[in-house]
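Q: Please take one part of this model and look at it closely for me. I work at the bench, so keep it plain, and start with how the helices pack.

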Amino acid sequence: MEGNGVATKSEEEQFAVWNQVFRIYDLVFGLPPHAQALHFEIRRDNHVEYLTRGLSQMGPGFSVMDATRPWVCYWVMHSIALLGDCVSDKLENDIIDFLQRCQDPNGGYGGGPGQMPHLATTYAAINTLITVGGIRSLTSINRETLYGFLLRMKDSGGGFRMHDGGEIDVRACYTAISVASILNILDHRLIQGTGDYIMRCQTYEGGIAGEPGSEAHGGYTFCGLAAMVLMNEVNRLDLPQLINWIVFRQGVEGGFQGRTNKLVDGCYSFWQGAAIAIIQRLRSTVMEQLGLPLSKTDFSQEGAADSSNSDQEEHSEPESSVNDICQSEVAGVDHNGDSFIKALQEIGPLFNTFGLQQYILLCTQEEAGFRDKPGKSRDHYHTCYVLSGLSICHYAGTRNIDRPPRTQDIMGPYSNLLEPVHPLYNVVFDKYQEAFRFFSSPES
């Protein structure tokens, strides 16, 4: 409140959101149990129909998104993959052909055919092609010219530019490092100085800003944290302070806000939730920074420790040396994305997973598609990142990503269970594995 007792504009907006959210909660929890249950079910078929339609035809109002068409492909295809579904072979081939036309002869992908290559649309295109999967899709990516594009976007200060002459920020760093990592072309030339740049973006609050001197933000925090893991430099961040900032971004509604004193937004279900999922595999680094001793019993989940350890032994593979990793002409660095995801999740959930699932299912889900918050309209962007965040919730209590979660970890029926995502790339896990095998092969 201001000194005269009058609510500020931000407070008025916050009160309005609270009223809408808790009115929904009161309404649902006032229903008989069988009627309540319907509100906690994912309307899977409706969502898939809505998403698939978005690939075929959009209204004239979407003309403003002409330069972001690879993003639409990614949001839609990733959402459908999370729901455990797929599109027709014809539609998949159409997507591959379209993205092929977006690929610049000198490397990278533009927002449409003939448009300037851009790191954001390059990230979206690569993730889409990996989500489509298969030989035709994966071989359509010209890694040699793409590597050249990434080098051209590299700034002498350590960061990356989004496009030729464009802005330098943490988002550019992440999209460049993520693409290079998942395609197995990440090397020391690309990494050099990037960790220093991201370090300068961690704020006094603990989160990460888009650029040095700016405000901590959920999207940039995810980008900076994920990039640091992929570069094997995450120990340079102040992780306890970062954790402190993130966990306080979950509001009383159950959802996450992106910045301090901002409104809840469904898309941060992933941006903040995935950052926490990443931290759950960084226990030794967190404990070291806190000056606390490591103890096996600290992280052993009740009744799960022995089976988790045996699972790890069954699925573990020997780590490769730096020189053995990339067989392509461009010498790569260690497969940090793969070794990271094979590690046990040694820290339990650091946020209220049921609170977030409740917010997602009751406040963001429409009859088809998902939205930011009550009062907003559905869109493909929020559908993608809300579902990604819901997947993070489902697997937050499992120590191995390839093991199904317990029934009690899923709000609503167990049929709500989504496919797991690799939290560093936001690609469905089995699609990531296919890409990892393909791009690790000497023949690729």
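**Helix 12 and its partners**

A: Helix 12 and helix 13 lie roughly antiparallel to each other, a label for angles over 145 degrees (under 35 is roughly parallel, 65 to 115 roughly perpendicular, the rest oblique). This is a predicted model, where local features need pLDDT of at least 70 and side-chain atom pairs pLDDT 80 or more, while totals for chains, interfaces and linings use all residues. Residues are numbered from 1 along each chain as its sequence is written, and side-chain values use heavy atoms, leaving out hydrogens and water.

Here are the numbers behind that pair. Helix 12 covers residues 218-230 and helix 13 residues 239-247; their axes come within 12 Å and cross at roughly 150°. Helices here are DSSP runs (H or I, at least four residues), numbered from the N terminus. The axes are lines fitted to C-alpha atoms over the stretch in contact, with angles from 0 to 180 degrees between N-to-C directions. The crossing is left-handed, meaning the near helix is turned anticlockwise from the far one by less than a right angle. Helix 12 brings Gly-218, Thr-221 and Leu-225 to the contact, and helix 13 answers with Leu-239, Leu-242, Trp-245 and Ile-246; contact means heavy atoms within 4.5 Å. That set splits into 5 nonpolar, 2 polar and no charged residues. Nonpolar covers Ala, Val, Leu, Ile, Met, Phe, Trp, Tyr, Cys and Pro; Asp, Glu, Lys and Arg are charged; the others, Gly among them, are polar.

Now for the other partner. Helix 14 (residues 268-279) packs on helix 12 at about 30°, with the axes 8 Å apart, which makes the two roughly parallel. This crossing is left-handed too. From helix 12 come Gly-218, Gly-219, Phe-222, Leu-225, Ala-226 and Val-229, while helix 14 supplies residues including Tyr-268, Phe-270, Trp-271 and Ile-279. The tally for this contact is 11 nonpolar, 3 polar and no charged. Leu-225 turns up in the contact with helix 13 and in the one with helix 14.

What sits between these partners? Asn-261 is in the loop between helix 13 and helix 14. At 68% relative accessibility, Asn-261 counts as exposed (over 50%; buried is under 20%, partly exposed in between, with a 1.4 Å probe and protein chains only). Asn-261 also has a positive phi of about 65°, despite not being a glycine. Most residues other than glycine have a negative phi.

A similar backbone feature appears earlier in the chain: Asn-184 has a positive phi near 65°. Asn-184 is placed in the loop between helix 9 and helix 10. Unlike the exposed Asn-261, Asn-184 is buried, at 4% relative accessible area.

Past helix 14, helix 15 (residues 283-290) has Arg-283, Thr-285, Val-286 and Met-287 buried. Gly-291 follows helix 15, and its phi is positive, near 75°.
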